Amino acid sequence: MNADQKMRQSTSASAYGARVGTGAGSGTGDGDPPGRVRRFWSERRVPAGIVALVLAAVSGLLLYDVAAVRSGRRAMRWRDWLADELASRPLDNAWIVGGAALLAALGVWMVVMAMAPGLRGLLPMRAPEPESGAEDAVRAGIDRTSAGLVLRDRAMEVPGVRSARVDVGRRRIRARALAHFRDLDEVRADLDTALHEGIRQLGLARPPALSVRVRRSAKSKG
């Protein structure tokens, strides 16, 4: 008997929010339309400070060398070498093309990183309605690892589940469970319901889709 024959599994992939009566994606869990909640943005103070210091050091060194040449002194060796290399090598030289491509890729990467929100491990939660007289509503978020632990505890409460693992992504939650008794379809249905309720109680602003898979070995069947 091969591995496929030894394993029975029941799989469910359902988009969270398509279930009736769960209040998925609602502002208060009772069918109200969700408000617009933006992702958290990383301040990036340390990377910005490092880049600023490096640029300042390079610019200061170049400015000093130019001023020294203007005052009658000899240019630094590295600038003489760089000027000779750029003057002697043709534009289609492999080193010139490779260096230009590397600098272009580095520039594109820095622009993308500057425009990206960052903090991918933090999921924004629904914002409560601001009280009268309050300027802004409170912003809240939950770490993806913490959300996975909470949902895993909910999965372990389902009868028949022996072990469970829940991986929380930004767009999909994948739950994997091992059952040691009860019918797999029944365990899967109860697990699906429990996890949907757990996701609703997390209060996420953009609840991810849910994928549930339950399996067990043929030796444990029964």
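Glu-186 has a relative accessible area of 44% and is therefore partly exposed. On this scale, a residue is buried under 20% relative accessible area, exposed over 50%, and partly exposed in between (1.4 Å probe, protein chains only). The structure is a predicted model, in which local features need pLDDT of at least 70 and side-chain atom pairs count only at pLDDT 80 or more, while totals for chains, interfaces and linings use all residues. Residues are numbered from 1 along each chain as its sequence is written, and side-chain values use heavy atoms, with hydrogens and water left out.

**The chain as a whole**

Six helices and six strands make up the elements of the chain. These are DSSP runs numbered from the N terminus: helices are H or I runs of at least four residues, and strands are E runs of at least two. Read from the N terminus, the order is α-β-α-α-α-β-β-α-β-β-α-β.

The chain has 222 residues, of which 25% count as buried. About 15300 Å² is exposed, and carbon and sulfur atoms supply 58% of that area. The areas come from the Shrake-Rupley method with a 1.4 Å probe, and for residues only the protein chains shown count as cover. A contact means heavy atoms within 4.5 Å. Among contacts between residues at least 6 apart in sequence, 63% join residues at least 24 apart.

**Helices H2 and H4**

Helix H2 covers residues 45-70, and its 26 residues should span 38 Å at 1.5 Å a residue. The expected span is 1.5 Å times one less than the number of residues. The end C-alpha atoms of H2 are 37 Å apart, which agrees. Just after H2, Gly-72 takes a positive phi of about 100°.

Asp-65 sits in H2. At 1% relative accessibility, Asp-65 counts as buried. Leaving out residues up to four places away in sequence, Asp-65 touches Ala-75, Met-76 and Arg-79.

Helix H4 (residues 94-115) has 22 residues, for which the expected span is 32 Å; its end C-alpha atoms are 32 Å apart, in agreement. The N-terminal end of H4 is capped by Asn-93, where a side-chain oxygen lies 2.8 Å from the backbone nitrogen of Trp-95.

**The nonpolar core**

A nonpolar core is a set of buried Ala, Val, Leu, Ile, Met, Phe, Trp, Tyr and Cys residues joined through side-chain atoms within 4.5 Å. The largest one holds 25 residues, and the members that touch the most others are Leu-151, Val-168, Ile-173, Leu-191, Leu-195, Val-212 and Val-214. At least two residues of this core come from each of helix H5 (144-156), strand S4 (161-168), strand S5 (172-179), helix H6 (184-202) and strand S6 (209-217). H6 supplies the largest share, seven residues.

Ile-173 shows the surroundings of one such member. Apart from its neighbours within four places in sequence, the contacts of Ile-173 include Leu-151, Val-166, Val-168, Ile-199 and Leu-210.

Val-168 also touches Leu-123, a residue of strand S2 (residues 122-124). Leu-123 is buried, with a relative accessible area of 7%. Others in contact with Leu-123, beyond four places in sequence, include Ala-140, Ile-142, Arg-144 and Leu-204. Leu-123 and Arg-39 are 84 residues apart along the chain, with their C-alpha atoms 7.4 Å apart.

**Salt bridges**

Side chains of opposite charge can pair when their charged atoms come close. A salt bridge is counted when a side-chain nitrogen of Lys or Arg lies within 4 Å of a carboxyl oxygen of Asp or Glu. By this rule there are eight salt bridges. Three of the pairs are listed here.

| Salt bridge | Closest N to O distance |
|---|---|
| Glu-85 and Arg-89 | 2.5 Å |
| Arg-165 and Asp-167 | 3.3 Å |
| Asp-153 and Arg-152 | 4.0 Å |

Glu-85 is partly exposed at 21% relative accessible area, and Arg-89 is partly exposed at 32%. Arg-165 is exposed at 54%, whereas its partner Asp-167 is partly exposed at 35%. Asp-153, at 44%, is partly exposed, and Arg-152, at 35%, is partly exposed too.

Which residues are linked with Glu-186 in a network of salt bridges? They are Arg-182 and Asp-190. Glu-186 itself belongs to helix H6. Its C-alpha atom is 9.1 Å from that of Gly-160, 26 residues away along the chain.

Technical notes
A polar contact is a pair of N or O atoms within 3.5 Å; within protein, one must be able to donate a hydrogen and the other to accept it, and residues adjacent in sequence count only if both atoms are side-chain atoms.
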